[in-house]
Amino acid sequence: MIELWIEGVGIFAPGLIGWEQAAAVLAGQQPYAPAAPPKLVPALLPADVRRRTTDHIRLAVEVAGEAVRHAQADAAALWSVFATSESDGAISHNICEEVAKAVPEVSPTRFHNSVTNAPAGYWCMAVQSQAPSTSLSGFDASFGTGLIEAGVQVGAERCSVLLVAHDAPFPEPLHSVRPMSALFGAALVLTPARSARSLARLLVNIEPTLHALSRMADADLDGLRTGNPAARVLPLLAALARREPTDLFLPYVHSQALRVNVQPA
Amino acid sequence: MTPLVLTRFTAVNALGRGNAAVLEALTAARSGLRPCTFEKVRLETWVGEVAGLDELRVCERLAEFDCRNNRLAELTLEQDGFAAGIALARKKYGPRRIAVILGTSTSGILETEHAYRQRDPQTGALPASYRFATTHNLYASTDFVRRYLELEGPAVMISTACSSSAKVFASAWRLIEQGLCDAVVVGGVDSLCQNTLYGFASLDLVGREPCRPCDAQRGGISIGEAAGFALLERPEQAASHSGVALLGYGESSDAYHMSTPHPEGAGAALAMQRALVCAALAPQTIDYINMHGTASQVNDSMEDKAISTVFGTHTACSSTKGWTGHALGAAGITEAVISALCIQNGLRPGCLNTHAIDPSFTSQVLLTNQSGVVQRVLSNSFGFGGSNCSLIFGAHP
């Protein structure tokens, strides 16, 4: 079993812009009203850097920055885990389109932004962090695999970890074979011990038997949850927003589940 | 940290199939690099291609996973009795207690490249035969390997560019230390594709001749493809093992630039220092450093500075990429296996293809193979985005 404490949250998705607004929606105090999200302009990226990035990168940096501000954490000292099912779909599409041509011309900036750890690289540059950073994937269970990696880092290294889950829809024709309904990014600051800033304690176990996964009560929010791998975190964020002790089941690899006990601090 | 033994390990790369082929080529100073004839790539460069992948298919029961990356994975799992050894471990621990942690940079994106050349001229749709989740997706090869080996423990794909399959060792140690599993299949697989060939060419990082790490006249990297796997266990739980153990790991971030390392190697030095601290070893206890050594101007220069900073100027070091090429997401595991072979066989390889060491270098770069006792090896892997990982392997009785 892994024990973790949450000190900060960041979120950016249609109808869920920032933790303060999202918490009110997820706690049922405001209706969920999905709308096209505003342009992503993460304050941590200077304009000249921002121009060289993609929406996928800006999404990850935006939610990471919010979670760290919320936790009042020392950003440079945090280890980080970036979980994504598909990395940067727009770049994959562009480069595959280019190399299908007789004379391919791949953009060097696009190529170096194509690595799965590009968001992590921009994050570390933005906050001048030399701490270890891991980018990983577990397909639809990417958030679950990220939570396990972040959890064992917290437990084994006794460090605080920034966990970011982020995915955005592919353009066509890849959208048809791997559809996502909307972009979704969320971030958590996870620590090994309780502090005055702790929001909740998490106990995480890999569930040995098949178990029904937790869903969102609101049909539109549940559509968002199933429409993007990163949004599988939503039941956890809803439990944080409601500030109620909760046992959750989140998707893990090969149809297993993570049992996550959420205890408000 | 408490060491983990490599119960068994194996590799396939441009040098051949399995440990004996890799060791034989290293000993004979025979490179696996050839002029690039991959698909219809119009680049004047050399690559480390694995022979015979076009003719292979993955096993029937996992046919939906068939692609170059998974063919390479399966081919490698069948070398050196690796899959058979995992079957024994599965009986001992149970399938839920063995994790699979692999690294890749581009997974099976070659399938998508093929599909993009066969799009419907009217609708732009991809051909009906195209399978996404089992080929292109980053997790596909981890899913394939854990199904092939019939394992049900924790599983993940790490993708941090060229440090991917070095970082798997750190993640594996943490999973075992935290009790989430008893043993871990670590490894990596990356196969040739046009994304990386044209991508590295766009950055002027691809050499026109076989790569010459640390050479004064080095002209860039030779891209390779490779796979490798190792089974990690606690020494007291392994009935028999390879005689090599993971003694330490160090991870760091450059926080400097997306595709250029810090010129003084600050992040690289930090990763090596952290690995030494993790292993509780002094720098002079390391007998050989297997460099990242891509043969790009900036990498080799900064790595020389970083090694000199941490180790001084007397620790023997070299890059083996003149043999295998740069296998990107599989470079970490490829060079972990080479490090283990060096310990088992008392070998310190030179830099193949390298004629004259860059006169600005101060570290002890080897030009030719040396034999003698090799107790401990540090292996470096550095990636785009400033992702660094150093591993320390040592002889374990």
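In strand β10 (residues 244–253) of chain B, A245(B) is the bridge partner of V5(B). The model is predicted, so local features need pLDDT of at least 70 and side-chain atom pairs count only at pLDDT 80 or more, while totals for chains, interfaces and linings use all residues. Residues are numbered from 1 along each chain as its sequence is written, and chains are lettered from A and ligands numbered from 1 in the order in which they are written.

V5(B) belongs to strand β1 (residues 4–13) of chain B. Strands here are DSSP runs of E with at least two residues; helices are runs of H or I with at least four; both are numbered from the N terminus. Two strands pair if DSSP finds at least two bridges between them. β1(B) and β10(B) are joined by 2 bridges and run antiparallel. With strand β9 (residues 226–233) of chain B, β1(B) shares 7 bridges, again antiparallel. There, L6(B) has L232(B) as its bridge partner. Strand β2 (residues 16–17) of chain B is also antiparallel to β1(B), through 2 bridges. V12(B) is matched with R17(B) as its bridge partner in β2(B). A hairpin of 2 residues links β1(B) to β2(B).

How enclosed is β1(B) by the rest of the structure? Largely so, because 10 of its 10 residues are buried. A residue is buried if 20 or more other C-beta atoms lie within 10 Å of its own, exposed if 12 or fewer, and partly exposed in between, with C-beta atoms placed from the backbone.

A further sheet lies in chain B. It is open, has 3 strands in the order β3-β4-β8 (chain B), and its pairing is mixed. β3 (34–35) and β8 of chain B stand at the edges, each with a single partner strand, so one side of each has no neighbour in the sheet. Strands of a sheet pair through backbone hydrogen bonds, either parallel or antiparallel. β3(B) and strand β4 (residues 46–48) of chain B run antiparallel, joined by 2 bridges. V47(B) in β4(B) is the residue opposite R34(B).

Now the helices of chain B. The axes of helix α1 (residues 19–27) and helix α12 (residues 331–345) of chain B come within 11 Å and cross at roughly 75 degrees. Axes are lines fitted to C-alpha atoms, for helices over the stretch in contact, and angles run from 0 to 180 degrees between N-to-C directions. α1(B) and α12(B) are therefore roughly perpendicular to each other. That label covers 65 to 115 degrees; under 35 is roughly parallel, over 145 roughly antiparallel, and the rest oblique. N19(B), V22(B) and L23(B) of α1(B) meet V337(B), I338(B), L341(B) and N345(B) of α12(B). Two residues are in contact if their C-beta atoms, placed from the backbone, lie within 7 Å. By class, this contact has 5 nonpolar, 2 polar and no charged residues. Ala, Val, Leu, Ile, Met, Phe, Trp, Tyr, Cys and Pro count as nonpolar, Asp, Glu, Lys and Arg as charged, and the others, Gly among them, as polar.

R90(B) sits in helix α3 (residues 82–93) of chain B. It counts as partly exposed because it has 19 C-beta neighbours inside 10 Å. Leaving aside its neighbours within four places in sequence, R90(B) touches P95(B), I98(B), E150(B) and L151(B).

Helix α8 (residues 194–202) of chain B is mostly covered, with 9 of its 9 residues buried. Which elements help cover them? The cover includes α4 and α5 of chain A, together with α4 (109–116) and β8 (223–224) of chain B. After α8(B) comes D204(B), with a positive phi near 60 degrees.

That leads to the interface. 54 residues of chain A are in contact with 53 residues of chain B. On chain A, α4 (89–99), α5 (108–113), α6 (118–127), β4 (133–137), α7 (142–157) and α8 (174–177) each supply at least two residues of the side that touches chain B. The largest share, 7 residues, comes from α7(A). By class, this side of chain A has 26 nonpolar, 23 polar and 5 charged residues.

α7(A) has 16 residues, of which 14 are buried. From first C-alpha to last it reaches 22 Å, close to the 22 Å expected at 1.5 Å a residue, where the expected span is 1.5 Å times one less than the number of residues. R158(A) follows α7(A), and its phi is positive, near 55 degrees. Strands also join the chains: 2 bridges link β4(A) to strand β6 (residues 155–158) of chain B, and the two run antiparallel. S137(A) has M157(B) as its bridge partner in β6(B).
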